[in-house]
Amino acid sequence: MAPYDDWNKIEDDEDEELQDYSLYEGKRDVILFCIDCSPSMLEMREDERYEDVQTCNLMVALEAAMQIQKRKVLVGPNDAVGIMLFNTTKRNTSGQAGADIKKGSYVHQPIATIDAPKVMDLVQLLDEARENPEMLREMFPPMTDKRVPIGDVFTSCNWVMRDGAPKTATKRIFLITDEDDPHPGSSRNRMMTSARTTLVDLVQAGVTVEPFFIGTDEKPFDATQFYSGVLLPTNITDLDEFTDDGPAPILPESISITRVDELLSQMRFHEVPKRALFSVPFTLAPGFVIGVKGYGLITEQKKGAYKYFADLGDRMEPVTSRTAYVDEERDAEADKAEILYGMDLGAPMADGEDTEDVKESEAGTRQVRLGSRVFYTADEVRSFRTLGLEPGIKLLGFKDRSELSFEDNVKHSVFVYPDEMTYSGSKRTFAALLRTMIDKRKIAIVLALTRRNASPVFCAVLPQAEKVDESGWREPPGFHLIPLPFADDIRAAPLLKAFRASNELKKAAQQWITKLKVKNGSYPPDSYPNPALAFHNAQLEASAFREDFDEEGFEDLTVPKHDMMHKRAGKLIQEWKNALLEDETANIIAAPTAGRKRKADTQDVVVDEAEIRRLNDAEQLRKLRVEDLKNFLKSKSEPVSGKKDELIERVAAWLDAHPQL
């Protein structure tokens, strides 16, 4: 059902009242950087970015944490970040945050809302560490005789999250280490079991662990040594499922991070939390239901909203705004519960007209007199949107994948993933349906209502198989929920016949187009940040951290490389332009047609004298169009010349001279 943009909507504050917040995840993001502080993380090496400066893996991890916090000062000021180190002998003193965590762990930065002073303290720490390479080892002495069990690390993370993270927030742990086998020997299996059990407790508390493994060419990180048996699966296969090569894969085969920019590039994918847009039941058949969650793959990033402040002389106070509905007749604020939503049906009512215009018919519809206004309550407006349906996705049938056209994708799709927490067995059923649709190259057609204040839409369900690229980046298996257009939304494109280029012109154009073709035939959007947003954030970041902003040093990656383009295809483009000048058909310009406004066809309009008399009695003749006034005067053999005011006087004079009997 297509929405009526003019009237079938509710103000923003009303929209919040009608929304079911149980379908959404928490909006605040909490990240705890859990960083290994073992001797290998403190081994110094030359920093490739600076001359005569040494660095280590711990410094790389702390710099990544600092960069993420600097970004969140602007894009997520309400988010919270903390830093915990493990495999260090340093302890939090009594009364400090983290004093009760497991031995061998240290809370360097308790979980707290992002603020610039704390980030500047971390920046100062890194600057001092570059000047004194041994400072981090002295400040965070590593454990040399043994290592902290990973299960104890997860327990400490759980306690830090419990004490500092809001319950409704999205809670994540960024685990950073360079040791792929922290517990070699006979105790490995016991440590793996203990760590996995503790991790399950973390997950049940709503915490997600995202690993960042640091490896080098000399010492590559092998996740199968320990962590593949600890971290929970990232695919939708069941935990006990086995493949021909053994247990089902859990982690990418290799994640190798050797420089701070590589660590930041990996974290950039994980910086924005994976918040569910909705969590609804997916009905496959009557009585056959699974749980699914929907995730938005594309979210437009905008500048932060400005706030208003009142200048009170000695201080600035933030100004809060609210919406109030005022009754003009009583000059008082109206009760929100008494406000109705209405739309015009014809002209407004005249004074003294019977106001009993709403009647209930046997079919349950309303009968409204001409010229009156119909009103609806907020619940009725919501029922118009939802058609009385509850949130959910209902399977209607299947089609061949070839029947899904490119132009059907009119809105951003939503990625759908199983939700085992609402319906047990959802993952197994979801995986079976996914594999079958991929094998048979089918798409599904569903009816989807994802929120209580949304409108139901038909959607195509496109299956996606799991993919892992060379860098270890994983595209998870799942379904893309693609909204389909209604018949009201489809427009026929005008087909204009034009001159066709000759084969010589086509061949000349093809040569320089081939030279400028994008590598691999694709455009990687994750490589080109929004330049306007980046420029805005760079200025705010410099102001927040009291740094000088170098406007000339700002790089806009979207600016075309004109020199390279000219070097590759400049000669071919010039030859094509010369060929265009010599082609007669390419130099023909169609004469523009004079634009004209559409005029309403009023030849067959019959003037209703009773309506005009009613408007005259109410002194509302001005609401009539000039065409209506002229047609009325013409029907009475009166002159039709003059402006609208003269026509109104002439109509009023005629009506006064000819009163209705």
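Before we zoom in, a word on residue classes: Ala, Val, Leu, Ile, Met, Phe, Trp, Tyr, Cys and Pro count as nonpolar, Asp, Glu, Lys and Arg as charged, and the others, Gly among them, as polar. This is a predicted model, in which local features need pLDDT of at least 70 and side-chain atom pairs count only at pLDDT 80 or more, while totals for chains, interfaces and linings use all residues. Residues are numbered from 1 along each chain as its sequence is written, and side-chain values use heavy atoms, with hydrogens and water left out.

**Figure 1. The whole chain.** The chain holds 15 helices and 26 strands. Helices (H or I, at least four residues) and strands (E, at least two) are DSSP runs, numbered from the N terminus. Of the 661 residues, 36% are buried; buried means under 20% relative accessible area, exposed over 50%, and partly exposed in between (1.4 Å probe, protein chains only). A contact means heavy atoms within 4.5 Å. Among contacts between residues at least 6 apart in sequence, 69% join residues at least 24 apart.

**Figure 2. A close-up of the largest cavity.** On a 1 Å grid over the protein atoms alone, a cavity is a set of points where a 1.4 Å probe fits but cannot get out, and lining residues have an atom within 4 Å of a point. Grid points are joined across faces, edges and corners, and a volume is the space filled by probe spheres set on the points. By this rule there is 1 cavity of 30 Å³ or more. The largest cavity encloses about 40 Å³ of space. Look for Phe 282, Ile 393, Val 416, Val 461, Phe 479 and Leu 481 around it, as these residues form the lining. By class, that lining has 6 nonpolar, no polar and no charged residues.

**Figure 3. Strand E10 and its partners.** Two strands pair if DSSP finds at least two bridges between them. Strand E10 (residues 276-285) runs antiparallel to strand E11 (residues 288-296), with 8 bridges joining the pair. E10 and E11 form a hairpin with 2 residues between them, and Gly 287 in the turn has a positive phi of about 80°. Thr 283 is a handy landmark here: Val 289 in E11 stands opposite Thr 283, and so does Lys 394 in E20. The pairing of E10 with strand E20 (residues 392-400) is parallel, over 2 bridges.

**Figure 4. Strand E11 meets strand E21.** E11 also pairs with strand E21 (residues 414-418), in the antiparallel sense and over 5 bridges. Here Gly 294 stands opposite Val 416 in E21. You may recognise Val 416 from the lining of the largest cavity.

**Figure 5. Helix H5 and what covers it.** The expected span of a helix is 1.5 Å times one less than its number of residues. For the 15 residues of helix H5 (residues 150-164) this gives 21 Å, which agrees with the 21 Å between its end C-alpha atoms. The buried residues of H5 are Ile 150, Gly 151, Val 153, Phe 154, Thr 155, Ser 156, Cys 157, Val 160 and Met 161. Their cover includes strands E1 (29-36), E4 (80-86), E5 (105-113), E6 (170-177) and E7 (207-213), along with helix H6 (188-204).

**Figure 6. Helix H3 and its surroundings.** Helix H3 (residues 116-131) has 16 residues and should span 22 Å; its end C-alpha atoms are 23 Å apart, which agrees. Ala 116, Val 119, Leu 122, Leu 125, Leu 126, Ala 129 and Arg 130 are buried in H3. An α-helix has 3.6 residues a turn, so residues three or four places apart point the same way. The cover over the buried residues of H3 includes helix H2 (57-75), E4, E5, helix H4 (135-139) and helix H11 (531-544).

**Figure 7. Three loop residues.** Thr 224 sits in the loop between E7 and strand E8 (242-243) and is exposed, with a relative accessible area of 56%. Its C-alpha atom is 8.0 Å from that of Asp 180, 44 residues away along the chain. Leu 387, in the loop between helix H8 (378-386) and E20, is partly exposed at 49% relative accessible area. Phi of Leu 387 is near 55°, a positive value in a residue other than glycine. Glu 619 lies in the loop between helix H13 (609-617) and helix H14 (626-635) and has a positive phi near 55°. Glu 619 is exposed, with a relative accessible area of 74%.

How values were computed
1 Å grid on protein atoms, 1.4 Å probe; cavity = no way out; pocket = protein on both sides within 12 Å on 5 of 7 lines; lining within 4 Å.
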